[in-house]
Amino acid sequence: MVEPLPADYESELRISPRLVIVALVALGVALCIGVQLVALPEPALTLGLIVAALAGAAWVVSDRQAWAGRWFLALSLIAIIVLAYAWLEVPSLLVFLVVPTAVVAAMIGIPAATAATVIQTVLLVILWRQAPTDVTRASADVALVAIWAVLGVMVAAYQPVRQLAGWSWEHYQRAGVLLAESRADRAKLKQALDDLALAYRQLAMMNDRVSAARAIAEEAQKAKSAFVAQVSHEFRTPLNMIIGLTDLLVESPGVYGRKLPAALLEDLEIVHRNCEHLASMINDVLDLSQVEADRLALHKERYDLREVIDKAVTVVRPLIDKKGLTLQISVPDDLPQVYCDRTRIRQVILNLVSNAARYTEQGGLVVRATADGQYVTISVADTGPGIAQEEATRIFEPFFQGTPPQGRTQGGSGLGLNVSKQFVELHGGQMWFESEPGHGSVFSFKLPISPPIELVTRPSSWLVQEWMWHERTSQAALPVGRAKPRVVICDETGELFPLLERYANEIEFADTRSLAQAKIEARGYATQALLLNVTDANDLLPLVRQATAEVSDTPVIGCSMPPRAERALAAGALAFLPKPLTRRAVSDTIQKIGRPVRRVLIVEDEDDARRLFARILHTLDNTLELAFAATSQEALDDMRTHHPDLVLLDIVLSDSDGWQMLATKRAEEAIRDVPVVIVSGQDPRERP
């Protein structure tokens, strides 16, 4: 607690009256001597004696009563000046009345100086009225203005001094309080250090156990990831064949030369639909594994959500029509485009709409999108049975499946809502639901319209010369910040920055496209490393040496990572088709060639895949000449001999991979222009 100001605080700011008394004694002596030396008038001697006598009396009074002595001295000054004016008959001496005002302000205070000024004003008015000449009146006027001006100056000069003294005393008292508190805290700190030492010993023992448990968990996580990847690959290979063949039968039933029975077509549609459902569940498991490992890539661009919603609803519309449900889509025309991954958001909407359609038997669905500030909210409402209270808390858990409608079997993997929620959160959004048993459910999620704006200005822009200090009235409660390490990326492809930015949240990255830009970024801000990326590994070492010479005080790291989506094109391929291969995808690719296609070479080491490719190509044109190769060497020999119009190349071959074959083809001028389409069971754009 801060103590109040001391009682004699005002007196500490005043000058001593003894200084004024000494000055008066000196004045009296000077007047007496002046009569003899400079021939002053005779009254000057009497006045000098009076001045000396008043100074002595003021000294005696001050010893007995300080305040009485100060006031006696102030009145004596006024009396001396008035007597000097009256006896010496010099009107200009009235101007010296400013001296009592200044002395009283410095010796007693501003209120006393004001009282003295009023007294002098009354005297001057009386003298002005009794003045015999205009000169005397003019001197009185000047004296009157002067004393009030001096009073104003003293007020203006005294207030800051008093405020500064008060501020100093307050902070002195506060410093004393803080010193006492710090001593008490020091004692508590010593006790806390002793307690921490004991806790640290116990924590060290516990940490050893946690480290062992973490090692076991990491091994289990690696084993699980490896198992998921291996099983998914083993599932995908036969599943792609089933989906491709059934898609061919459903889309082109006349490929076998006769009309298939209607019942068989219906069964094939069921097989195709269930295979796609199985593929969807495998993808959900893979997505969940990728999210848990923080390796899921988002390809964000600005998209119109109306288009994304329409495409998602189109997939579920056959089920909605089959059950006789109504479907209402409400999207305003002025809905802004959203910066998002279109594929992932469409998957979220598809999961919500398909769940609503599967659990709703009567009524319908409403899909609504609205803009709210910096977010867009999408909701899917249904008239289904709703969600029970005991299931509401677990609805977003992985592998949890709600109670199916009465009379229907339970479907799905229980991963759709969990994966969808994580997709939305990866975009910086939120997902929630509202439900009442017997009255349907509403699942909603919101996405930010634009990514957060990053600070790009220098700290110097925060400083303003006109800024003034303002003392806080409350204690600041700021979080403890931690500066992120900064890495400058120099990448001519522009794809390394978004990839690292997604997966390394603890590092601040700066994106540059040339060494000159990287040099400016590295020298303008504190930088821990410079990361260089080039598409051709042969150019990497010279660029690293150049960067090391130009930015000598920053570590330089070099890498060669070709663009994900452009790797196939850079290797000399026309396109990249992921499995399962469909008739429409092959048709669109053939149209890109721009010239007639008569002979097609299929490079595939699996007989079933060859047969599927052949079926698809013959449905497009049954006059096509097809050739097959199981190895890259056979394919190269066929291209050198027959120069096919199109090559369908599987990446995984028995003797080498497709990338090596493309490199060999590109090196030979005779077959360099043969169109090649890469076919793979894994799209590199989905999981780089």
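1. In what order do the five strands of the open sheet with parallel pairing stand? In this predicted model, the order is E12-E16-E15-E13-E14, and the pairing throughout that open sheet of five strands is parallel. The edges are taken by strand E12 (575–578) and strand E14 (625–629), each of which pairs on one side only, and neighbouring strands are turned against each other by 20 degrees on average, direction ignored.

2. Within the parallel sheet, strand E15 (residues 646–650) and strand E16 (residues 676–680) run parallel and are joined by four bridges; as one residue-level marker of this register, Leu649 has Ile678 in E16 as its bridge partner. Helix H18 (residues 607–620) packs on this sheet, where it touches strand E13 (599–603), E14, E15 and E16, and the direction of H18 makes about 165 degrees with that of E14.

3. Another open sheet of five strands has the order E2-E4-E5-E7-E6, and here the pairing is mixed. Strand E2 (326–330) and E6 stand at its edges with a single partner strand each, so one side of each is left without a neighbour in the sheet. From one strand to the next, the twist averages 15 degrees.

4. In the mixed sheet, E6 and E7 run antiparallel and are joined by six bridges, with Phe445 in E7 serving as the bridge partner of Met431. Two helices pack on this sheet: H10 touches E4, E5, E6 and E7, with its direction at about 175 degrees to that of E7, whereas H12 touches E6 and E7, with its direction at about 135 degrees to that of E6.

5. The largest nonpolar core has 41 residues, of which Ile345, Ile349, Leu352, Val353, Ile395, Phe443 and Phe445 touch the most other members. The elements that contribute two or more residues to this core are helix H9 (305–322), strand E3 (338–341), helix H10 (342–359), strand E4 (364–372), strand E5 (375–382), H12, E6 and E7. Ile345 can serve as an example: with neighbours within four places in sequence left aside, Ile345 is in contact with Leu305, Val308, Cys340, His427, Phe445 and Leu447. A second core, separate from this one, has 26 residues, including Ile21, Val51, Leu77 and Val103.

6. There are three aromatic pairs in the structure. One of them is formed by Phe396 and Phe443, whose arrangement is edge-to-face, at 6.3 Å centre to centre and with 85 degrees between the planes. This pair links distant parts of the chain, with Phe396 in the loop between helix H11 (389–392) and helix H12 (416–426) and Phe443 in strand E7 (residues 441–448), 47 residues apart; Phe396 and Phe443 are both buried.

7. Phe443 also takes part in a stacked pair with Phe433, at 5.3 Å centre to centre and with 20 degrees between the planes. Here too the pair joins distant parts of the chain, Phe433 lying in strand E6 (residues 430–435) and Phe443 in strand E7, ten residues apart, and both residues are buried. Through these ring pairs, Phe396, Phe433 and Phe443 are linked into a cluster.

8. Two lysines should be considered together with the rings. Lys421 lies over the face of Phe396, at 5.9 Å from the ring centre, while Lys446 lies over the face of Tyr375, at 4.5 Å from the ring centre.

Technical notes. Residues numbered from 1 in each chain as written. Predicted model: local features only at pLDDT ≥ 70, side-chain atom pairs only at ≥ 80, totals over all residues. Heavy atoms only, no water. Phe/Tyr/Trp six-rings, centres within 6.5 Å; stacked < 30°, edge-to-face > 60°. Buried < 20%, exposed > 50% of the residue type's maximum accessible area, 1.4 Å probe, protein only. Lys NZ or Arg CZ within 6 Å of the ring centre and 35° of its normal. Core = buried A, V, L, I, M, F, W, Y, C linked by side-chain atoms within 4.5 Å. Contact = heavy atoms within 4.5 Å. Pairing = 2+ DSSP bridges. Axes fitted to C-alpha atoms, helices over the stretch in contact; angles between N-to-C directions.
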